[in-house]
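Colleague: I'm new to reading models like this one, so could you walk me through why things get the labels they get?

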Amino acid sequence: MLILIPAAGASSRMRGRDKLLELVDKHPLLARQIGIALQTPATVLVTLPPDARDRTAIVEGIVDDRLEALIVDDAEEGLAASLRAAVRFAAKQEHDPEALMILLADMPEIEAADLHRLMQAFDGKTVVRATDADGRVGHPVIIPPRLFPDLDGLSGDQGARRALDGEHIITVPLAGHRATTDLDTPEDWAAWRRKTGR
């Protein structure tokens, strides 16, 4: 399995701060997400924009043969550019990956155990998607290879939503709001830290 951590976005709502460099459990968020992904057997792909030196330094500082950095020249387009880069990487591999898990980079409550639960629920052909404890759909999402051509045809910043239209989906509830907590603004981060003490 491949795990994609899309880290090519601009953090445009952070007013000059980079949300992927925010400290969570004393580590930059991007480093934390990579570390969690590497606790699985998967190959981990991190997409990066061409000019993000700090993010690139984080990835280069983690030594693991299963970690791959993909520079996305058209990163300003949005999440679709990272999805296209991931499926094109998959197409070049000697062995076809069994699936692609999308682990958003800005979700600080996801744990390695959550990724393992999703992997265990995957039957080889059906989309698997995390929900929070209230049943709201969120991330991560596991996408089988038969949908890779649909991902390769995406554009804009809507993510994989269009590729999942009409699909039967296996949902996996995660504790609390892990699957739906993403932090996009300084106010989001401040409120989350007050609530969690992290």
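Colleague: What makes β1 and strand β6 (residues 100–102) a pair?
Modeller: This is a predicted model, so keep that in mind throughout. Two strands pair if there are at least two bridges between them. β1 and β6 have three bridges and run in the parallel sense, so they count as a pair. For an example, look at L2, whose bridge partner in β6 is L100.

Colleague: Which other strand is joined to β1, and by how many bridges?
Modeller: That's strand β4 (residues 43–48), joined to β1 by five bridges and also running parallel. There, I5 has V46 as its bridge partner.

Colleague: How do you know whether strand β1 (residues 2–6) is mostly covered or mostly open?
Modeller: Count the buried residues: in β1 they are five of five, so the strand is mostly covered, with buried meaning under 20% relative accessible area. L2, L4 and P6 point one way from the strand, I3 and I5 point the other way, and all are buried.

Colleague: And helix α1 (residues 29–37), how many of its residues are buried?
Modeller: Seven of the nine are buried, and α1 is mostly covered too. Among the buried ones are L29, L30, I34 and I36, and also R32 and Q33.

Colleague: Why is β8 described as largely enclosed?
Modeller: Six of its seven residues are buried, so the rest of the structure largely encloses β8.

Colleague: Which strands pair with β8?
Modeller: β6 does, in the antiparallel sense over three bridges, with I102 of β6 matched to V141 of β8. Strand β7 (residues 127–131) is also joined to β8 by three bridges, again antiparallel. Over there, V128 stands opposite I142. β7 and β8 form a hairpin with five residues between them, and G135 in the turn has a positive phi of about 90 degrees.

Colleague: What makes the bond from H139 to P140 cis, and where is P140?
Modeller: Omega for that peptide bond is near 5 degrees, and the bond is cis. P140 sits in strand β8. For background, most peptide bonds are trans.

Colleague: What is unusual about phi in D25?
Modeller: Phi of D25 is near 55 degrees, a positive value in a residue other than glycine. Most residues other than glycine have a negative phi. D25 lies in the loop between β2 (23–24) and β3 (27–28). K26 is found in the loop between β2 and β3 as well, and its phi is positive too, about 75 degrees, although K26 is not a glycine.

Colleague: Why is D25 called partly exposed, and why is K26 called exposed?
Modeller: Set each value against the cut-offs: exposed means over 50%, and partly exposed lies between 20% and 50%. D25 has a relative accessible area of 40%, so D25 is partly exposed. K26 has 79%, so K26 counts as exposed.

Colleague: Is A75 buried or exposed, and how do you know?
Modeller: A75 has 10% relative accessibility, which is under 20%, so A75 counts as buried. A75 is in the loop between β5 (67–71) and α3. Leaving out residues up to four places away in sequence, A75 touches A8, P49 and A81.

Colleague: What about E94, buried or exposed?
Modeller: E94 comes out at 73% relative accessibility, over the 50% cut-off, so E94 counts as exposed. Look for E94 in the loop between α3 and β6.

Colleague: Which residues have the most contacts inside the largest nonpolar core?
Modeller: They are I3, I5, L30, V46, I143 and L151, in a core of 63 residues. The largest share of this core, six residues, comes from α3. As for I143, setting aside residues up to four places away in sequence, I143 touches A99, L100, I102, F148, L151, A160 and L164.

Colleague: Last one: which element gives the most to the lining of the largest pocket?
Modeller: β8 does, with five residues. The pocket holds about 1,100 Å³ of space and is lined by 43 residues, with K19, L79, L104, D106 and D157 nearest its centre. By kind, the lining divides into 20 nonpolar, ten polar and 13 charged residues.

Notes
Residues are numbered from 1 along each chain as its sequence is written. This is a predicted model: local features need pLDDT of at least 70, side-chain atom pairs count only at pLDDT 80 or more; totals for chains, interfaces and linings use all residues. Side-chain values use heavy atoms; hydrogens and water are left out. On a 1 Å grid over the protein atoms alone, a cavity is a set of points where a 1.4 Å probe fits but cannot get out, and a pocket is an open set with protein on both sides within 12 Å along at least five of seven lines; lining residues have an atom within 4 Å of a point. Grid points are joined across faces, edges and corners, and a volume is the space filled by probe spheres set on the points. Helices (H or I, at least four residues) and strands (E, at least two) are DSSP runs, numbered from the N terminus. Ala, Val, Leu, Ile, Met, Phe, Trp, Tyr, Cys and Pro count as nonpolar, Asp, Glu, Lys and Arg as charged, and the others, Gly among them, as polar. Buried means under 20% relative accessible area, exposed over 50%, partly exposed in between (1.4 Å probe, protein chains only). A nonpolar core is a set of buried Ala, Val, Leu, Ile, Met, Phe, Trp, Tyr and Cys residues joined through side-chain atoms within 4.5 Å. Contact means heavy atoms within 4.5 Å.
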